[in-house]
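Let's take a walk through a protein together, one piece at a time. Have the sequence and the 3D view open, and follow along as we go.

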Amino acid sequence: MGEFIIKMPDVGEGVAEAELVEWHVKPGDPVREDMVLAAVMTDKATVEIPSPVTGKVLWLGAEVGDTVAVKAPLVRIETAGEAGEAAPDSIPEALAEQVLDEPVAVSSRLEAKAPPQPEKPAPKPAPAPREAPDLSAKPLASPAVRLRARESGIDLRQVAGTGPAGRITHEDLDLFISRGAEPLPAQTGLVRKTAVEEVRMIGLRRRIAEKMSLSTSRIPHITYVEEVDMTALEDLRATMNRDRKPEQAKLTILPFLMRALVKTVAEQPGVNATFDDHAGVIHRHAAVHIGIATQTPAGLTVPVVRHAEARGIWDCAAELNRLADAARTGTATRDELTGSTITISSLGAIGGIASTPVINHPEVAIVGVNKIAVRPVWDGAQFVPRKIMNLSSSFDHRVIDGWDAAVFVQRLKTLLETPALIFVEG
């Protein structure tokens with residue numbers, strides 16, 4: 001028999017480590033070539049690690065939530081063949097290396113782990129009473145778990161998740177299947193609940209927390225709120241959507257705002273910038289790479305529409321839809337989630353009259369979109385119904401003065417209230 005070490009792959013240029021967010025196997029599991037072993041995350045992008053060989057898992061070198069260095073041992077797999085047999089040519093050198101009989105040198109933390117022992121079948125625990133699940137909530141699970149559930153005809157809303165934030169793991173699915181299709185207990189009246197759940201902050205949630213801490217601790221924010229009359233733009237949007245071609249994406253407010261941003265930052269390039277406060281250098285960017293804060297089942301991500309200055313409104317809409325789908329399905333790449341020069345955050349679908357958006361470090365500005373509502377507006381003679389939307393925009397006060405922030409937002413307001421100006425060249 002031979003053994004292979006699967007190493008942490010180089011998941012992106014300049015990335016020295018990645019966080020392990022999910023195991024798909026455990027010691028003793030049989031694996032086949034190309035089967036997904038684990039998922040790792042870097043810069044909010046999740047990368048699945050497949051097995052290059054067929055065999056049996058002997059050892060796992062990290063726990064979920066651990067940060068693992070590139071090329072560090074991650075999995076040991078027992079394979080058919082004599083010890084010392086050369087590795088198959090199909091195994092990438094960066095991912096796997098064959099080992100002989102001697103032990104593998106790993107980090108001190110990993111060495112502290114017990115060596116792999118032949119596993120004895122554990123006694124099957126008695127089924128515990130099941131709590132009625134919240135059938136209104138969308139379950140949190142990886143694509144692999146969802147696929148297994150779908151193939152097995154299982155509604156994941158009935159499966160209790162034990163992972164971070166209630167994430168459903170393969171083990172949870174196995175336990176549910178082993179119990180069979182038990183009828184759910186009926187809810188009877190109100191009951192007192194005293195349980196306290198400890199949820200380890202890992203994966204995307206930890207990245208979000210780190211990013212928010214970095215932004216709020218390093219950037220002195222100033223937030224400016226202004227209301228915008230969107231009546232004319234809404235009329236234009238309805239007309240353009242009615243007359244759009246079948247291949248064109250439906251227009252929301254965001255493509256118009258993106259085009260208005262492009263025109264505004266051309267007049268105020270200091271807003272489309274990133275600030276290296278260690279070096280004391282402001283980088284003003286000719287390219288307008290717009291980050292779109294997007295809520296996904298796993299948490300907040302910011303896919304980036306690159307070179308908005310070179311895209312028409314329909315192109316902006318199409319790219320926006322593509323990236324939003326990739327973010328929500330967890331298939332967005334690292335390049336699609338980094339490199340923005342200014343960000344839009346939209347809570348318009350939920351409501352609220354104002355917000356205090358947090359700047360996406362190291363940018364210097366973020367534009368927040370609030371919900372459009374019909375409000376009475378005095379036109380000098382009478383109250384008339386108008387479609388009003390608030391913009392809540394935050395700026396790095398080290399870089400952007402309050403006056404310049406106000407000028408920036410007022411220019412956006414002018415363009416959105418007179419949408420024909422958005423399409424005027426020059």
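Start in the middle of things, with two strands lying side by side: strand 16 and strand 17 (residues 365-369) run parallel and are joined by 4 bridges. Before you trust your eyes too much, keep in mind that this is a predicted model. If you'd like to find one spot where these two strands meet, look for Ser345, whose bridge partner in strand 17 is Gly368.

Strand 16 has a partner in strand 13 (residues 290-296) as well, again running parallel and again with 4 bridges. Here Ala293 has Ser345 as its bridge partner in strand 16. So what holds neighbours like these together? Strands of a sheet pair through backbone hydrogen bonds, and they can do so in a parallel or an antiparallel way.

Is strand 16 mostly covered or mostly open? Covered: of the 5 residues in strand 16 (residues 342-346), 4 are buried.

That brings us to the inside of the protein. The largest nonpolar core has 46 residues, and the ones with the most contacts inside it are Ile290, Ile342, Ile344, Phe408 and Leu416. Helix 6 supplies the largest share of this core, with 9 residues. There's also a second core, separate from that one, made of 23 residues, including Val15, Val53, Ala62 and Val68.

Zoom in on Ile290 for a moment. Setting aside neighbours within four places in sequence, the contacts of Ile290 include Met258 and Leu261, then Pro303, Val304, Val305 and Ala308, and also Ser340, Ile342 and Ile344.

Now for a sheet with another style of pairing. This one is open, has 4 strands in the order 5-4-2-7, and pairs them in the antiparallel sense. Its edges are strand 5 (45-50) and strand 7 (67-69), each of which pairs on one side only. From one strand to the next, the twist averages 40°. Within this sheet, strand 2 (residues 17-23) and strand 4 (residues 36-42) share 4 bridges and are antiparallel. To spot the pairing, find Trp23, which stands opposite Ala38 in strand 4.

Time for some helices. Helix 4 (residues 203-218) has 16 residues, so at 1.5 Å a residue it should span 22 Å; its end C-alpha atoms are 23 Å apart, which agrees. Its buried residues are Gly203, Leu204, Arg206, Arg207, Ile208 and Ser215. What covers them? Among the elements doing the job are strand 2, strand 4 and strand 7, along with strand 10, strand 13 and strand 14 (299-301).

Ser213 also sits in helix 4. With a relative accessible area of 44%, Ser213 counts as partly exposed. Although Ser213 and His361 are 148 residues apart along the chain, their C-alpha atoms are separated by 10.0 Å.

Helix 5 (residues 231-242) has 12 residues and reaches 17 Å from its first C-alpha to its last, close to the 16 Å expected. Its buried residues are Thr231, Leu233, Glu234, Arg237, Met240 and Asn241. Their cover includes helix 6 (253-267), helix 7 (313-328) and helix 8 (402-417), as well as strand 10 (221-229) and strand 19 (383-396).

Helix 8 is where you'll find Glu417, which is partly exposed at 28% relative accessibility. Glu417 and Glu234 are 183 residues apart along the chain, yet their C-alpha atoms are separated by 9.7 Å. Not counting residues up to four places away in sequence, Glu417 touches Glu227, Val228, Asp229 and Ala232.

A few loops have quirks of their own. Pro362 lies in the loop between strand 16 and strand 17, and the peptide bond leading to Pro362 from His361 is cis, with omega near 5°. Lys71, in the loop between strand 7 and strand 8 (73-79), has a positive phi near 75° without being a glycine. Lys71 is exposed, with a relative accessible area of 54%. His307 isn't a glycine either, and its phi is positive too, at about 50°. You'll find His307 in the loop between strand 15 (304-305) and helix 7.

Finally, step back to the whole protein. It comes to 8 helices and 19 strands, and 43% of its 426 residues are buried. Of the contacts with a separation of 6 or more, 66% are between residues 24 or more positions apart.

Key
Residues numbered from 1 in each chain as written. Predicted model: local features only at pLDDT ≥ 70, side-chain atom pairs only at ≥ 80, totals over all residues. Heavy atoms only, no water. Expected span 1.5 Å × (residues − 1). Buried < 20%, exposed > 50% of the residue type's maximum accessible area, 1.4 Å probe, protein only. Contact = heavy atoms within 4.5 Å. Core = buried A, V, L, I, M, F, W, Y, C linked by side-chain atoms within 4.5 Å. Pairing = 2+ DSSP bridges. Axes fitted to C-alpha atoms, helices over the stretch in contact; angles between N-to-C directions.
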